[in-house]
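Here is a short, friendly walk through a model you can turn around as you read. Keep the viewer open and follow along.

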Amino acid sequence: METSVQTAESGECQDLAYNVFARSCPSRGTLEHVTGRWGALTLGALHEGTFRFNELRRRVDGVSEKMLSQTLHALERDGLVHREAQPTNPPRVDYRLTPLGREVSERLLTLITFVEGHMDNVLEARERYDETRED
């Protein structure tokens, strides 16, 4: 599954042991966890700091309790999120990014900022598209 990619920073080619374009490559699942709607929004929110579950749920508007729980489990399993349970009564659980999760979230935030900054263009394109499809 080795592939070569050119890095943006140095322009050099690196050989990688994984290839997300290969069906059986495990990196494909991680990419899905990171770029899925709830994964991207959760990582973006956690970039702001440590959150308790319900704080995070309020920050990621629209996510259900079940989806947030599944998303956090997947991101924790991938090593992107750290879950820390405090031995208090009632139990307190905090979520924060790992160093790898912080790196991923920074890249995601660049994409999010780009998308938000170009939404006028996107909305105009959608309108043009929809106009040509109306009969």
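## A tour of helices and strands

Leucine 111 sits in helix α5, which covers residues 99–117. This is a predicted model. Together with Phe114 and Val115, Leu111 makes a nonpolar surface patch of about 290 Å².

Now for the strands. The model has an open sheet of three strands in the order β3-β5-β4, paired in the antiparallel sense. Its edge strands are β3 (51–52) and β4, each of which pairs on one side only. Strands β4 and β5 are joined as a hairpin, with five residues between them. Their antiparallel pairing runs over six bridges. If you would like one pair to click on, try alanine 85, whose bridge partner in β5 is valine 93.

Here are the two hairpin strands side by side:

| Strand | Residues |
|---|---|
| β4 | 81–86 |
| β5 | 92–97 |

What lies across the strands? Helix α2 lies across β3, β4 and β5, and runs at about 95° to β5.

The same helix also meets a helical neighbour. Two packed helices are described by the angle between their axes and the distance between the axes. For α2 (residues 37–46) and α4 (residues 65–77), the axes come within 10 Å and cross at roughly 75°. An angle of 65 to 115 degrees counts as roughly perpendicular, so α2 and α4 are roughly perpendicular to each other. On the α2 side, the contact is made by Trp38, Gly39, Thr42, Leu43 and Leu46. From α4 come Met67, Leu68, Thr71, Leu72 and Leu75.

Key: Residues numbered from 1 in each chain as written. Predicted model: local features only at pLDDT ≥ 70, side-chain atom pairs only at ≥ 80, totals over all residues. Heavy atoms only, no water. Patch = residues over 30% accessible without salt bridge, like charges linked within 9 Å, V, L, I, M, F, W, Y side chains within 5 Å. Areas by Shrake-Rupley, 256 points an atom, 1.4 Å probe, with all protein chains shown as cover. Salt bridge = Lys/Arg side-chain N within 4 Å of Asp/Glu carboxyl O. Helix = DSSP H or I, 4+ residues; strand = E, 2+ residues; numbered from the N terminus. Pairing = 2+ DSSP bridges. Axes fitted to C-alpha atoms, helices over the stretch in contact; angles between N-to-C directions. Parallel < 35°, antiparallel > 145°, perpendicular 65-115°, else oblique. Contact = heavy atoms within 4.5 Å.
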